[in-house]
Amino acid sequence: MGDLFWNKVAGVLIAGILIVLVIKELGHTLVPTHAAHDLDEHNTAYPVDWAAIGGDAAESGPAIMPAVDYGVLLAAADVSRGESAIRQCSSCHTFVDGAGHSTGPNLWGVVDRGIGSADGYSYSAALSGIAGGWDYAALNDFLTSPRAYAPGTAMSFAGIRSESTRMNVIAYLRSLSANPAPLPAPLADMVEDVAADVMQDTPAETLAETLADTPAETSMEAPAEAPTEAPTGDDDQ
Ligand code: HEC
């Protein structure tokens, strides 16, 4: 073994390390990496249909999924149990069409009705001051704790603790209409729809090229940054 043997080995090793470093730098220059929350239409490594996934992520941040899947919960709810459960409301509310108001407003057709908007009932400022309508999420929050949802509300009722009872009650309220509001789609279906839209708008060749071109590191780094932006969820739930 000549004197130069170990020099050659060292040379090959150093050259190898240099090549890896150069390729890595080249990769970063060609495809800059960004933290997940910095991504927008100008800096993603592959085309992303931002409209399909809920707008400009740079402005609005990652879309936060609602914690409660009303599509699943309401589909599983029991309307007749809801009808039994609203006995605790009937000291103050009427539920029949045209029955008139009691201590509280008549609740026929309350789903999707404007909050604090029944004709001929005088609401507290706490409730009439809330914009929007009684969608499933608003009803769920209000019925969990009326006082927490609308501080100062005239509805002196502690709330319904059990989520399944709340869903039964909401399903019953939904049935109090000539045209019940549609049930929301389960979140899993919505995610599938969005994914299908994105896949449809992105030609398969582009996806394949992108996957081949994306340095392994890019795909490793993005998720590692993501937890800092993780949704904190709703404390009330
Ligand atoms: C002690 C009486 C009382 C009980 C019991 C009660 N409510 Fe109420 N409710 C009221 C009053 C009063 C209001 C009006 C609140 C205000 O103006 O702040 C109201 C308002 C509401 C509203 C808002 C309606 C609208 O038009 O904006 C809904 C929905 C509602 N109640 C549902 C229920 C349900 C469901 C129950 C039973 C689980 C229930 N309430 C139990 C007194 C009561």
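This briefing walks through a predicted model of one protein chain, from its overall make-up down to single residues. The chain has 11 helices and 0 strands, and 14% of its 237 residues count as buried. Helix α8 is a good place to start looking, since α8 gives the most to the largest nonpolar core, with 6 residues. A ligand is also present, with 27 residues around it.

**The chain as a whole**

- Reading along the sequence, you meet helix after helix, in the pattern α-α-α-α-α-α-α-α-α-α-α.
- Take the contacts between residues at least 6 apart in sequence: 60% of these join residues at least 24 apart.

**The nonpolar core**

- The largest nonpolar core is made of 22 residues, and L139, V169, I170 and L173 have the most contacts inside it.
- Three helices, α3 (70-75), α6 (136-144) and α8, each supply at least two residues of this core.
- I170 touches L74, A77, Y136, L139 and N140, once residues up to four places away in sequence are left out.

**Helix α8**

- The 13 residues of α8 should span 18 Å at 1.5 Å a residue, and the end C-alpha atoms of α8 are indeed 18 Å apart.
- Buried residues of α8 are R166, M167, N168, V169, I170, A171, Y172, L173 and R174.
- The cover over these buried residues includes α3, α4 and α6.
- A171 is found in α8, and A171 counts as buried because 24 other C-beta atoms lie within 10 Å.
- Although A171 and A77 are 94 residues apart in sequence, their C-alpha atoms are 6.4 Å apart in space.
- Beyond residues up to four places away in sequence, A171 touches L74, A77, V79 and G82.
- T165 lies in α8 (residues 163-175) too, but T165 is partly exposed, with 18 other C-beta atoms within 10 Å.
- From T165 to G82 is 83 residues in sequence, yet 6.8 Å in space, C-alpha to C-alpha.
- T165 is in contact with A85 and I160, leaving aside neighbours within four places in sequence.

**Helices α6 and α9**

- In α6, the buried residues are Y136, L139, N140, F142 and L143.
- These buried residues of α6 pack against α3, α7 and α8.
- Helix α9 (residues 187-201) has 15 residues and reaches 21 Å from its first C-alpha to its last, close to the 21 Å expected at 1.5 Å a residue.
- The number of buried residues in α9 is 0 out of 15, so α9 lies largely in the open.

**Loops worth a look**

- D112 sits in the loop between α4 (79-85) and α5 (125-128).
- The phi of D112 is positive, about 75°, although D112 is not a glycine.
- D112 counts as partly exposed, with 17 C-beta neighbours inside 10 Å.
- A154 is found in the loop between α7 (146-149) and α8, and A154 is partly exposed, with 15 other C-beta atoms within 10 Å.
- A154 and A125 are 29 residues apart along the chain, and 9.1 Å separates their C-alpha atoms.
- G159 also lies in the loop between α7 and α8, and G159 counts as partly exposed, with 15 C-beta neighbours inside 10 Å.
- The C-alpha atoms of G159 and A148 are separated by 9.6 Å, with their positions 11 residues apart along the chain counted as the separation.
- G159 touches L143, T144, S145 and P146, not counting residues up to four places away in sequence.

**Around the ligand**

- Of the residues around the ligand, C89, C92, G104, S124 and M155 come nearest.
- The shell around the ligand divides into 18 nonpolar residues, 9 polar and no charged.

Notes
Residues are numbered from 1 along each chain as its sequence is written. This is a predicted model: local features need pLDDT of at least 70, side-chain atom pairs count only at pLDDT 80 or more; totals for chains, interfaces and linings use all residues. Helices (H or I, at least four residues) and strands (E, at least two) are DSSP runs, numbered from the N terminus. The expected span of a helix is 1.5 Å times one less than its number of residues. A residue is buried if 20 or more other C-beta atoms lie within 10 Å of its own, exposed if 12 or fewer, and partly exposed in between; C-beta atoms are placed from the backbone. A residue is near a molecule or strand if its C-beta atom, placed from the backbone, lies within 6 Å of it. Ala, Val, Leu, Ile, Met, Phe, Trp, Tyr, Cys and Pro count as nonpolar, Asp, Glu, Lys and Arg as charged, and the others, Gly among them, as polar. Two residues are in contact if their C-beta atoms, placed from the backbone, lie within 7 Å. A nonpolar core is a set of buried Ala, Val, Leu, Ile, Met, Phe, Trp, Tyr and Cys residues joined through C-beta atoms within 7 Å.
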